[in-house]
Amino acid sequence: MEFLVASAVGVLTAGGLYLMLRLRTFPVILGMSLLTYAVNIFLFASGRLTIGAPPILSDDASLYTDPLPQALVLTAIVISFGMTAVVVMIGLGAFLGSDDDHVDDLPDAVDDNTRGAP
Amino acid sequence: MSLLIIVALPFFGALLPGLMNSAGRSACAGVTFAVSLAAFIGLLTNLPMVLAGEVVMARVDWMPALGLNFTLMLDGLGFFFALLILGIGLLIIAYARHYLSRDDNMGEFFTYLLLFQGAMVGIVLSDNILLLLVFWELTSLSSFLLIGYWKHLPEGRQGARMALMVTGMGGLSMIGGMVILGQIVGSYDLSVILQNRDLIQADPLYVPALILILLGCFTKSAQFPFHFWLPHAMAAPTPVSAYLHSATMVKAGIFLMARMWPVLSGTPEWFYIVTSAGLITMVLGAVIALFKHDLKALLAFSTVSHLGLITMLLGTGTAFGAMAAVFHILNHATFKAALFMSAGIIDHETHTRDIRRLGGLRKLMPVTFVIVTISALSMAGIPLLNGFLSKEMMLEAAHDTVLFGPHWLVPALATVGSLFSAAYCFRLIDHVFLGPVRNDYPAKPHDPGAGMWIPPAILVVLVVMIGVAPFLAEPFVKLVTASVLGGAAALPEAHIKIWHGPVPALFLSLTAIAGGLFMLALFKPALRLWDATPRPEAKTIFDSLVEAIAKLSRAIILPLHNGAFTRYAALAAVVIIAAGFHAWSTGSVGAATRTVQTAGPVAIAGWLMLVAATAGMVLMHRNRLLSLILIGIVGLMVSVGFVFFSAPDLAMTQFTVEVVTIVLLLLALNFLPNITPVESTVLRRVRDTGVAVAGGLATFALTYYYLLRDAVGTPISEFHLANSYKGGGGTNVVNVILVDFRGFDTYGEIIVLGIAALLIYALTETLLDGPVRARLLNRLPDQPRAGDVHPMMMVVLTRVLMPIVLLVGFYIFWRGHNAPGGGFIAGLIVSIGFVMQYMASGFTWTSSRLRYPYHGVIGAGVLIAGLTGIGSWLVGKPFLTSDFTYVRIPPFDKFELATAALFDLGVFLAVVGAVMLSLESFSRLARRAHASDSEHPMDIDPSREGPSSNATRTVKQGG
């Protein structure tokens, strides 16, 4: 089980990093989303993995999983939505303004010659 | 008046001129004058204590742990400088009222002036050296604003920048010196530091501290080789020059040397550095001043020269030198401020400051002539004027000073300096006022109104008064000198007298005056010689130095930071991975302490789907819609994983966020191209794969290692589990942590979320106002639109679902404290309900039914959460302390009422507002792009007439 979670974090990080290094805004944004998943799972896993013991107090349960990472990750998920929305808006604004969705701001000399409108 | 009020008055008063700006120029100057006058009178109320030899103190603890306290001290020296700053400040304010023209923004000018005044008063009254540094930097900043006040002049901007750079760097090095000093003594209070002369001078760090502090003093007081900024600061309006360069800014360095004199002086290092720097500056400044044709430049270099003189006197380290320095500070402030103001008058009336275009003004401007002549003769050292007295004291001190061996060196150089000083003073009188009246002045000169000449005239009265009756000033000078010496040396017995008998200083003085007259006679050939001599131009050297540093930093930064996002992303990833690898390979890893849990087929299936979807995204990311679907699968698997690992709250949050994120990305994809073209080379993709795989392996290893080991310390979660019900009144520990234990964090987070949504809204507004708007209007959809934009089935279904969604949201919200749910999740669920309406019936229809703007919803949420927190103040508890009680309303069962629920309501509203405002902003863009949005809830409505024509129109327009 630990191996599955750890490898999932690894796979998500690798995929996220690869997409982050692309040249257009959309894959970069998706890459950031993948990295967000990886980071959230990573933080969540710092409470270690517990199955079938949610942190809801009851008289029957004797074991609870660590609630603190869950609280942290919960807000992180919501904030990451806000962050994604801002980044998407910036990317969209740049594209609408210039008809170009490259993330790299190359020097002016090569700008117009090597790139056409997508 | 308390010292705290004296220092605070100019700062708070700085708010007034701006407010009075529209009330007229006199009101603006009047209020500034009143503020300064109040501070001045406040200072004078402390005079009896100072005269009695007491040290007035005021103290407010600021950061006691750092040794930084708001401690103020008023002794003779501080009083003397504060008197100069406030007194001359009053004259300058009156003068500036008449000097500035109608085009100048007077409120802005007086605001800067008061800020500067406050900072200067702060420096001279500080008892804490860290506080002194704060004020010191404030003078650099406010003088930058003052020097660059005429923003339209390039010289003004360059001069201001140069002054800021030079004095700012000096300030930085002084911070270092002061911190060393504080460390040596163990206290940052001046009153303590000044008692520890032997301790400081015996410390091995004495010399570095001395050099760093002197760098700060020398840059501020324009000592060689940092003298070059002062003449360039002359681009400022004349009142600024008169204020900054006679009595205040440039005297700050002098003040600090005098302040630190008891502990820093007396050593060979101090003597050699300070005396030689002062001597060089004095001679150099005087020589350059003689050959300047701009009146203000001449005065600027003469200021440099006189500052050198004072520095040299402080450098001697003798009590007599200190007394001469104090006296000359006073005299220089009086005659130099008068001269600067007169130069401003001449500039104002004749429209030129070029000495070559002036001459013969004696008859045209008699009042100005008298003022300039008296103050210039005082500066030249003519008897019966105050400059003579202190100059003779200087020559006497120089006569007794031996530097680098030869006995004649210091007196000779001092005499040369005085000689040139006398020469430029005579030149100033002769070339500007004497000689025949010319008929080619740029403007017809005449004496200015009384408002402009009275301030310098008051100073001239002082010049004569001290010069004729030095015994009037002597007690005060001795009082100030005593506080400079601070017990490190005995107060000199000597008296300030006009006639000392035939002492060597008198002969040196006579030589200087005679030589000055001789120089004036020889001025024309001397000027030719001067013009023919090649000299290094300080500004060119400075500019090329700055250019070289800028080039160097560009060479370092540009390869790393060239504007290409991919480059920094890759660099950051590699550096982080390398740092992690270094930590892992050098640290030690303990053995596994947890047993591996076996994974069932469900877990493996979920894992496979997640890995497959991620791999698919990477391989097929060029098809953007497909990759969006795949990321949905990833998100779903993550949610399922949260359920599996006992985190129901997280699962619900992740799942709902997933929905709104996908809707958001779809809205964006509506505009963006659908396909990512192949652009990167194979080599680049191999490189990126390498970085990605390394990063993936690193996070995998890290996660795997710690999942098999228990935490090193005891997590605080035990506390949360134990107190969740007892203290927070809820059984859902995650929710209680969010709204109670760590409510303050949550409060911050909803604010961040709200800011993000407002940012998106603002960006949309900007886009729609700019050129993008036209582009959007002309944009053709890149793929055929659906004919049935608002299908009836979907409309009906979403309408039916809406109350159910709201009910679920309500339920999830209320049960949140005790079971999975809460404000965040309920907010997301309700948002999805709203989004469905937008999707089904379009933007126009939905927003016309919207009663409250989403900004208001965000604001209400943050406000409710904040007020809930503040509410606990009313019962004397800290912010966001929660309380709860159980009530029973028949026929319901007993239930809980908690203030945390109110807080959660705030969270709920903020989340709804933020999510909806973001999505709405995106759809506003979409609406602008294809305007034919229907106001009807659905495209085909049997109750409406002519549905077919409506439908065909929509299809035709593609829209």
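How much area is buried between chain A and chain B? In this predicted model, the area buried between chain A and chain B is about 8700 Å², and carbon and sulfur atoms give 77% of that area. Three residues of the smaller partner deserve mention by name, since A:Phe26, A:Arg48 and A:Phe81 supply 9% of the area that chain A buries against chain B, more than any other three residues. Counted by residues, the interface brings 80 residues of chain A into contact with 111 residues of chain B.

Chain A, taken by itself, is built from four helices and has zero strands, so that the order of its elements, read from the N terminus on, is α-α-α-α. Of the 118 residues in chain A, 65% are buried, and the accessible surface of the chain comes to about 4100 Å², with 62% of this surface belonging to carbon and sulfur atoms. When contacts in chain A between residues at least 6 apart in sequence are considered, 48% of them join residues at least 24 apart.

Chain B has a secondary structure of 41 helices and four strands. Its C-alpha atoms fill a box of roughly 115 × 70 × 70 Å along the principal axes, and the radius of gyration of chain B is 39 Å, whereas a compact globule of 959 residues would have a value near 30 Å. Buried residues account for 53% of the 959 residues of chain B, while the area that the chain exposes is about 40600 Å², with carbon and sulfur atoms supplying 71% of it. Among the contacts in chain B between residues at least 6 apart in sequence, those that join residues at least 24 apart make up 79%. With regard to charge, chain B carries 58 positive and 52 negative charges, and the mean positions of these two groups are 8 Å apart.

Several individual residues of chain B illustrate how burial and contacts can be read from the model. B:Ser375 is placed in helix α20, which covers residues 366-380, and this serine counts as buried because its relative accessibility is 0%, where buried means under 20%. Apart from neighbours within four places in sequence, B:Ser375 is in contact with B:Phe335, B:Ala338, B:Leu339 and B:Val460.

B:Met652 lies in helix α31 of chain B, and with a relative accessibility of 21% this methionine counts as partly exposed. Leaving aside neighbours within four places in sequence, the contacts of B:Met652 are with B:Ile812, B:Arg815, B:Pro820 and B:Ile825. By contrast with these contacts, B:Ala160, which is 492 residues away from B:Met652 along the chain, has its C-alpha atom separated from that of B:Met652 by 58 Å.

Among the strand residues, B:Thr885 is found in strand β3, formed by residues 884-887 of chain B, and is partly exposed, with a relative accessible area of 42%. The residues in contact with B:Thr885, other than neighbours within four places in sequence, are B:Phe895, B:Glu896 and B:Leu897. Although B:Thr885 and B:Gly729 are 156 residues apart in sequence, the distance between their C-alpha atoms is 8.2 Å.

The backbone of chain B was also examined. Most residues other than glycine have a negative phi, and most peptide bonds are trans. Against this background, the peptide bond that joins B:Phe224 and B:Pro225 is cis, with omega about 0°, and B:Pro225 is located in the loop between α11 (206-220) and α12 (229-232). A positive phi, near 65°, is found at B:His351, a residue other than glycine, in the loop that lies between α18 (319-350) and α19 (361-364). B:Ser646, likewise not a glycine, has a positive phi of about 60°, and belongs to the loop between α30 (624-644) and α31 (648-669).

Are these two loop residues, B:His351 and B:Ser646, buried or exposed? B:His351 is exposed, because its relative accessible area of 56% is over 50%, whereas B:Ser646, at 3% relative accessibility, counts as buried.

Definitions and conventions
Residues are numbered from 1 along each chain as its sequence is written. Chains are lettered from A and ligands numbered from 1 in the order in which they are written. This is a predicted model: local features need pLDDT of at least 70, side-chain atom pairs count only at pLDDT 80 or more; totals for chains, interfaces and linings use all residues. Side-chain values use heavy atoms; hydrogens and water are left out. Helices (H or I, at least four residues) and strands (E, at least two) are DSSP runs, numbered from the N terminus. The radius of gyration is taken over C-alpha atoms; the globule rule is 2.2 Å times the number of residues to the power 0.38. Buried means under 20% relative accessible area, exposed over 50%, partly exposed in between (1.4 Å probe, protein chains only). Contact means heavy atoms within 4.5 Å. Accessible areas come from the Shrake-Rupley method with a 1.4 Å probe; for residues, only the protein chains shown count as cover. Lys and Arg count as positive and Asp and Glu as negative; His and the chain ends are not counted. The place of a charge is taken as NZ of Lys, CZ of Arg, CG of Asp or CD of Glu. Buried area is the accessible area (1.4 Å probe) that two parts lose on being put together, summed over both.
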